[in-house]
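Thanks for coming. I have one structure to go through today, and I will keep to the ligand site, the cysteines and one loop residue.

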Amino acid sequence: MGAYLDHAATAPVLPEAADAFARVARELGNPSAVHGYGRTTRRIVEESREEIAALLGAEAAEVILTSGGTEADNLAVIGAWQACAAGTADTAVPPGLIVSAIEHPAVLESAEWLASDRGARLHIAPVTTAGTVDLDALAGLLARPESERGRIAVCSIMWANNETGAIQPLPAVVELAGAHGIAVHSDAVQAAGRVPIDFAASGLAALSISGHKFGAPVGVGALLARRDFDMRSHQHGGGQERGVRSGTVNAAGARALAVALAAAVHDLSTEADRLAGLRDRLEAGIRAIAPDVRVWAGEAERLPGHLLVSVPGTRSEPVIFALDMAGVAASAGSACHAGVVGASPVVLAAGGTEEEARSALRFTLGRTSTAADIDAALAVLPDALGRARAVLEGIR
Ligand code: PLP
């Protein structure tokens, strides 16, 4: 009996979204073309854009369709910094950026690239042991004189963390940054479809989402961006999507994104309770199997289906491998590059030890998760942990 407990990596595609994608993919006509075919496809895109906007408390004109979360994050962070740099070319201090220590690489590595290649002043806001951004430290960063920290092009703090699910204190971040006239972008790739989002009420200048995290096929996402959020495009061509995201618009993807998001938002509150119940059952079961387990961000408000744990005396990779052999799909906290699982940067940022970071296991639940999945995982976990301990003993 198998169990898919890796919904944060990619959620199963919703049948209605797959059907919508297939139907629109058969439509003839580039949405930018002026003939009837093009106008039909354009209408599908614009209706989808309006639906996506309404579901997220945004205006249709604020929705910039992208290929996914990575592109939306790159566009917001790099685009905003480049626009700011163009406007401050005459000043001695290059513009700065603030990101949290637990941002996804799509944000963190964009910011690091701006620092190493473009001279951006990069400020990394630490997180507390609860796994949320340290507001005192952030306030301290913001209070530094502009001559020292640079003019901050954007402050990028995720809505919810991809490893722990910890929901970040965005209202406080927006207030702190706003007091200095600084725009905030939030990577809401994990949050969208899992918790309510009201872009207008949030006070954010920009927000990223990705379709494959909530039931659309891979290959479509969006950046919500207020009209006054200045961005330079780093993709040049036909000038689609407010001129910042050139390239033929993915009409089938836009339709599937709207359909999947509508379904996720519709079921949101009932799903949240159901998933939190399943997650708690899994957490309790793991505590019974491994009483010395450490649960990350357990004290914070978390996304309902996320659970990140570290089991002392084990390593993520052999546990995940053994679980996989038993038909249970989970992941390590850290991204897996070229098949090698490293230490979880989120555990390290939250004050965990190297040992804890190297033994992190992430279980994420979603729409198709059932109690049987939890029981299947708990049934094979003791053996998987035992194997990992044996591997580690062998190395020592
Ligand atoms: N941001 C977060 C928080 C994520 O979890 C992910 C994917 O795991 C991304 C960005 C990247 O999104 P995409 O896979 O759509 O490029």
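How far is an oxygen atom of the ligand from an N or O atom in the side chain of Thr 70? The distance is 2.6 Å. Before I go on, please keep in mind that this is a predicted model.

Two other side chains belong beside that one. Ser 210 has a polar side-chain atom 2.6 Å from a ligand oxygen. For Lys 213, an N or O atom of the side chain sits 2.6 Å from an oxygen atom of the ligand. On its own, the ligand has 390 Å² of accessible area, and the protein covers 84% of that.

Now the rest of the shell. The ligand is surrounded by 13 residues, and the closest of them are Thr 70, Asp 187, Gln 190, Ser 210 and Lys 213. Sorted by class, the shell contains eight polar, three charged and two nonpolar residues. Which element gives the largest share of the shell? That is helix α3, residues 69-87, which supplies three residues.

Next, the cysteines. How many disulfides does a search of the whole structure find? Zero. Cys 84 is in no disulfide, and its nearest cysteine sulfur belongs to Cys 155, 13 Å away. A disulfide needs the two sulfur atoms within 2.5 Å, so a pair 13 Å apart does not count as one. Cys 155 likewise is in no disulfide, with the sulfur of Cys 84 as the nearest one.

Are these two cysteines buried or exposed? Cys 84 has a relative accessible area of 10%, and because the limit for buried is under 20%, Cys 84 counts as buried. Cys 155 is at 0% relative accessibility, so Cys 155 is buried as well.

Last, the loop residue. Where is Thr 248? Thr 248 is in the loop that runs between strand β8, 221-225, and helix α9, 251-266. Its relative accessibility is 47%, and because exposed means over 50%, Thr 248 is classed as partly exposed.

What does Thr 248 touch, if we leave aside neighbours within four places in sequence? The contacts are Asn 30, Pro 31 and Gln 240. Take Asn 30 from that list: Asn 30 and Thr 248 are 218 residues apart along the chain, yet their C-alpha atoms are separated by 7.1 Å. The side chains of Thr 248 and Asn 30 are also joined by a polar contact of 3.4 Å.

That is what I had to show.

How values were computed
Residues are numbered from 1 along each chain as its sequence is written. This is a predicted model: local features need pLDDT of at least 70, side-chain atom pairs count only at pLDDT 80 or more; totals for chains, interfaces and linings use all residues. Side-chain values use heavy atoms; hydrogens and water are left out. A residue is near a molecule or strand if one of its heavy atoms lies within 4 Å of it. A polar contact is a pair of N or O atoms within 3.5 Å; within protein, one must be able to donate a hydrogen and the other to accept it, and residues adjacent in sequence count only if both atoms are side-chain atoms. Accessible areas come from the Shrake-Rupley method with a 1.4 Å probe; for residues, only the protein chains shown count as cover. Helices (H or I, at least four residues) and strands (E, at least two) are DSSP runs, numbered from the N terminus. Ala, Val, Leu, Ile, Met, Phe, Trp, Tyr, Cys and Pro count as nonpolar, Asp, Glu, Lys and Arg as charged, and the others, Gly among them, as polar. Buried means under 20% relative accessible area, exposed over 50%, partly exposed in between (1.4 Å probe, protein chains only). Contact means heavy atoms within 4.5 Å.
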